[in-house]
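The following note sets out numbered points on the structure shown below. It is intended to be read beside the coordinates.

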Protein chains: 2
Amino acid sequence: MSATPKPEPEVRKTKIADTVPGVDPLIRSRWSPRSFSSRMVSPEDLRTLFEAARWAASSYNEQPWRFLVATKSDPAAYQKILNLLVEFNQQWASTAPVLVITAAKKTFSHSGAPNRHAMYDAGAALAYLMLQATALGLHAHGMAGFDHERARQVLGIPDDYEVGAAVAIGYVDAPEKLPEQYRAGEVSPRQRKPLDQIVFGAQWEQPFKP
Amino acid sequence: MSATPKPEPEVRKTKIADTVPGVDPLIRSRWSPRSFSSRMVSPEDLRTLFEAARWAASSYNEQPWRFLVATKSDPAAYQKILNLLVEFNQQWASTAPVLVITAAKKTFSHSGAPNRHAMYDAGAALAYLMLQATALGLHAHGMAGFDHERARQVLGIPDDYEVGAAVAIGYVDAPEKLPEQYRAGEVSPRQRKPLDQIVFGAQWEQPFKP
């Protein structure tokens, strides 16, 4: 972190999920910052992140997930991914030392048939990566705001793969490091729909009574 | 578990991921059994599972994930979901006390525009649920093998939602409880592609050198 101010622990308490006590600490404390410190992520930790993603579950164990990765130690590669992001995301994501674009193989390797769960399973793998980031004291922030078609062209993603998400990874830093319009989100409480809006019984929108 | 034989700990060691030491224990030890004990999942643990799913990250915080849930304490509801599964899955999934069908909202609530990350984010939420299951001593097994269109009709899933996965949830039991053709998978080591087949630099299939 060198000379940059350390984030106040009490500020980040707003990012702890307001949930029941049994929820795993990684799930409870993962969140998506926009202010990243200049501290690099070690090659060992990077490997651990992708190892975690590697062990997600997938339909027919197809493992449709792919990750294209660049760090600031290779400025040309880093810039190549950064340039794909929409302006709003470039502004803050450029503070992160690692950028990733994900992709998902749309067909099964064993049959060539369409894999309707490709994106679903690729999302699971990214969730693993994000929780593993939390376990390592890192943060990962997923983004939909980038040019998917240009990503395909620039990175050479084949037609048989769907372009997934962009992800910024690094160590969190103080909100004050960001331009003003990004700061409020760094400290505001995380919000979710109530449970009864996402969990139903065996009929749509009927309550589940365990 | 009552009178059913307790699984041998040394047998299930084959299900621990062969990975680097830093990978989180939940990620390392989650796997997808087919033999579930008749032990029910408590309402409190069920709530914790869906609370965990609730805190996944999503594009624009849309939270597109939905879960339709039935347990064996409501046999009609349980049968309704079990009947959607392909025969191969019904055989083993009928041992699990809880069955779930997931869905993902295909459009953004704030704009009505298509949400290309709906399935991706719903997959992340299911990944959280699965890891939370591991944290609670439970297991969750996702399935693509069910009739997606009949699920939509029977459960009343609206057109604006994509049908996702089916999931069996419960406590693991001995492989011997299953018909013979399902047993080998209960003890065989988990397999994944090598890391260099899923992680590239900022160009497709070029190695990532951190």
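**Helix contact across the two chains**

1. In this predicted model, helix H6(A) meets helix H6(B) through Met119(A), Tyr120(A), Asp121(A), Ala122(A), Gly123(A), Ala124(A), Leu126(A), Ala127(A), Tyr128(A) and Leu131(A) on one side and Met119(B), Tyr120(B), Asp121(B), Ala122(B), Gly123(B), Ala124(B), Leu126(B), Ala127(B), Tyr128(B) and Leu131(B) on the other. Sorted by class, this contact comprises 16 nonpolar, two polar and two charged residues.

2. As to geometry, each H6 covers residues 118-135 of its chain, and the two axes come within 6 Å and cross at roughly 55°. H6(A) and H6(B) are therefore oblique to each other. The crossing of H6(A) over H6(B) is right-handed.

3. How are the two copies related? A turn of 180° with a shift of 0.0 Å along the axis lays chain B on chain A, with an RMSD of 0.0 Å. The copies are thus related as by a two-fold rotation axis. The same surface serves both copies, since 100% of the contact residues of chain B recur in chain A.

4. The contact between the chains takes 69 residues from chain B and 69 residues from chain A. On the side of chain B that touches chain A, the elements giving two or more residues are helices H2 (25-29), H3 (43-54), H4 (75-82) and H6, together with strands E1 (65-71), E4 (161-170) and E5 (199-200). H6(B) supplies the largest share of that side, 13 residues. By class, the side of chain B that touches chain A holds 43 nonpolar, 17 polar and nine charged residues.

5. Within chain A, H6(A) also packs with helix H3 (residues 43-54) at an angle of about 140°, with the axes 7 Å apart. H3(A) and H6(A) are therefore oblique to each other, and their crossing is right-handed. H3(A) contributes Thr48(A), Leu49(A), Phe50(A), Ala52(A) and Ala53(A) to the contact, while H6(A) contributes Ala125(A), Leu126(A), Tyr128(A), Leu129(A), Gln132(A) and Ala133(A). This contact has nine nonpolar, two polar and no charged residues.

6. On confidence, the predictor assigns the complex an ipTM of 0.94 and a pTM of 0.94. Chain A has a mean pLDDT of 94, with 95% of its residues at 70 or more. One stretch of chain A calls for caution: over residues 5-10 pLDDT stays under 50, and the model has six contacts beyond four places in sequence for these residues. Where pLDDT is low, the predicted coordinates should not be read in detail.

Technical notes: Residues are numbered from 1 along each chain as its sequence is written. Chains are lettered from A and ligands numbered from 1 in the order in which they are written. This is a predicted model: local features need pLDDT of at least 70, side-chain atom pairs count only at pLDDT 80 or more; totals for chains, interfaces and linings use all residues. pLDDT is the predictor's confidence in each residue, from 0 to 100. Two residues are in contact if their C-beta atoms, placed from the backbone, lie within 7 Å. Axes are lines fitted to C-alpha atoms, for helices over the stretch in contact, and angles run from 0 to 180 degrees between N-to-C directions. Helices (H or I, at least four residues) and strands (E, at least two) are DSSP runs, numbered from the N terminus. Angles under 35 degrees count as roughly parallel, over 145 as roughly antiparallel, 65 to 115 as roughly perpendicular and the rest as oblique. A crossing is left-handed if the near helix is turned anticlockwise from the far one by less than a right angle, and right-handed if clockwise. Ala, Val, Leu, Ile, Met, Phe, Trp, Tyr, Cys and Pro count as nonpolar, Asp, Glu, Lys and Arg as charged, and the others, Gly among them, as polar. Copies are superposed by least squares on the C-alpha atoms of residues with pLDDT of at least 70 in both.
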